[in-house]
Amino acid sequence: MPVLPWLLLVVLCRCGGLACPEGCRCPLESRVVSCTHGQLREIPQGIPRDTRVLYLDSNEITGLPDGALRELRQLRELYLSDNLIENISLAAFGELGSRLQLLDLSNNRLRQLGPAEAASALRAKMRLYGNPWHCGCSLQKLLEALPMEAETLEDVVCASAAREEYAGQPFALLLNTGIDFCSVQQRTTDVAMLVTMFCWFTVLIAYVLYYVQRNQAETRRHLEYLKSLPIKQPSPEEEEMEEDTLSTIL
């Protein structure tokens, strides 16, 4: 067999055209890579660079480090559902920019996702249901910044929240009733600041009172000491000398 076809095959594999990670399936010319049920614990290396749809669902992936998708510049859909992801940074998707159209993070272990500023360059529709979300201001800002699918937003349920009665409630339903988690957080912060200022003011007043009382006690002790000193009576010689001095002056 000629050497040239083999060289071309090696070049294609290295460029990502025919490469496929272990545990994944990469049908030729489909630009779809399926790693579903691949027993993966992290994003695999060697994913073809021209991949447009990537299935990483139903694995044991716990996180997505920054730069893990740097080479996949043509990626349009990413499925990460049914994994063990607890923390994820939206900055990891920043390199994809507006090209990513769908991001499925459903049925993981996410409690928070943010900050919302990192989602400014992300235009993908998000699937976030099936996670133990902590409902607060950060999640509210995030959902307001992301182009969520309407049918999946209703399934974002609060596993915990600032108030116990919100737990188990759909987040969208709470927002529709007029609850503003950011204003609640602001009020809580204001109350905490007022309490802190009151404590400092109380400590300051207590110190001033202590200082005044201490000075008064020391002054009283000093006066009592002066009163306790004996008064020395002048001797006859001293009295005579004083009279002579007075007569001389006159």
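**View 1. Tyr207 on helix H5 and its nonpolar surface patch.** In this predicted model, Tyr207 is exposed, with a relative accessible area of 52%. That value counts as exposed because the class begins over 50%. Tyr207 is found in helix H5, which runs over residues 181-228. Have a look at its companions too: Leu204, Tyr207, Val208, Tyr210, Tyr211 and Val212 make a nonpolar surface patch of about 630 Å².

**View 2. The largest nonpolar core.** Here we turn to the interior. The largest nonpolar core has 44 residues, and those with the most contacts inside it are Leu78, Leu80, Phe93, Leu103 and Leu105. Strand S8 (133-135), helix H2 (137-145), strand S9 (158-161) and helix H4 (171-176) are the elements that give two or more residues to this core. Helix H2 gives the most, with three residues.

**View 3. Leu78 and the residues it touches.** This view centres on one core residue. Leaving aside residues up to four places away in sequence, Leu78 touches Leu54, Leu56, Leu69, Phe93, Leu100, Leu102, Leu103 and Asp104. Two of these, Phe93 and Leu103, are listed with Leu78 among the residues with the most contacts inside the core. Asp104 is worth keeping in mind for the next view.

**View 4. The salt bridge between Arg127 and Asp104.** The side chains of Arg127 and Asp104 meet in a salt bridge, with 3.7 Å from N to O. Distant parts of the chain are linked by this pair: Arg127 sits in strand S7 (residues 125-127) and Asp104 in strand S6, 23 residues apart. Is each partner buried or partly exposed? Arg127 counts as partly exposed at 23% relative accessibility, whereas Asp104 counts as buried at 4%. The boundary is 20%, so these two values fall on opposite sides of it.

**View 5. The salt bridge between Arg49 and Glu71.** Arg49 forms a salt bridge with Glu71, and their closest N and O atoms are 3.9 Å apart. This pair also links distant parts of the chain, 22 residues apart. Arg49 lies in the loop between strand S1 (32-34) and strand S2 (53-55), while Glu71 lies in the loop between strand S3 (63-64) and strand S4 (77-79). Arg49 is partly exposed, with a relative accessible area of 45%, and Glu71 is partly exposed as well, at 43%.

**View 6. The salt bridge between Arg163 and Glu165.** The side chains of Arg163 and Glu165 meet at 2.6 Å, N to O. Arg163 counts as partly exposed at 43% relative accessibility, and Glu165 is partly exposed with a relative accessible area of 43%. How many salt bridges are counted? The count comes to five, among them the pair in this view.

**View 7. Ala91 in its loop.** Ala91 lies in the loop between strand S5 (87-88) and strand S6 (102-104). Ala91 is partly exposed, with a relative accessible area of 41%. Its C-alpha atom is separated by 9.1 Å from that of Pro65, a residue 26 places away along the chain.

**View 8. Two stretches to read with care.** Over residues 3-17, pLDDT stays under 50, and the model has ten contacts for them beyond four places in sequence. Over residues 185-191, pLDDT also stays under 50, with one contact beyond four places in sequence. For context, the mean pLDDT of the chain is 78, and 68% of its residues reach 70 or more.

Key. Residues numbered from 1 in each chain as written. Predicted model: local features only at pLDDT ≥ 70, side-chain atom pairs only at ≥ 80, totals over all residues. Heavy atoms only, no water. pLDDT = per-residue confidence, 0-100. Contact = heavy atoms within 4.5 Å. Helix = DSSP H or I, 4+ residues; strand = E, 2+ residues; numbered from the N terminus. Buried < 20%, exposed > 50% of the residue type's maximum accessible area, 1.4 Å probe, protein only. Core = buried A, V, L, I, M, F, W, Y, C linked by side-chain atoms within 4.5 Å. Patch = residues over 30% accessible without salt bridge, like charges linked within 9 Å, V, L, I, M, F, W, Y side chains within 5 Å. Areas by Shrake-Rupley, 256 points an atom, 1.4 Å probe, with all protein chains shown as cover. Salt bridge = Lys/Arg side-chain N within 4 Å of Asp/Glu carboxyl O.
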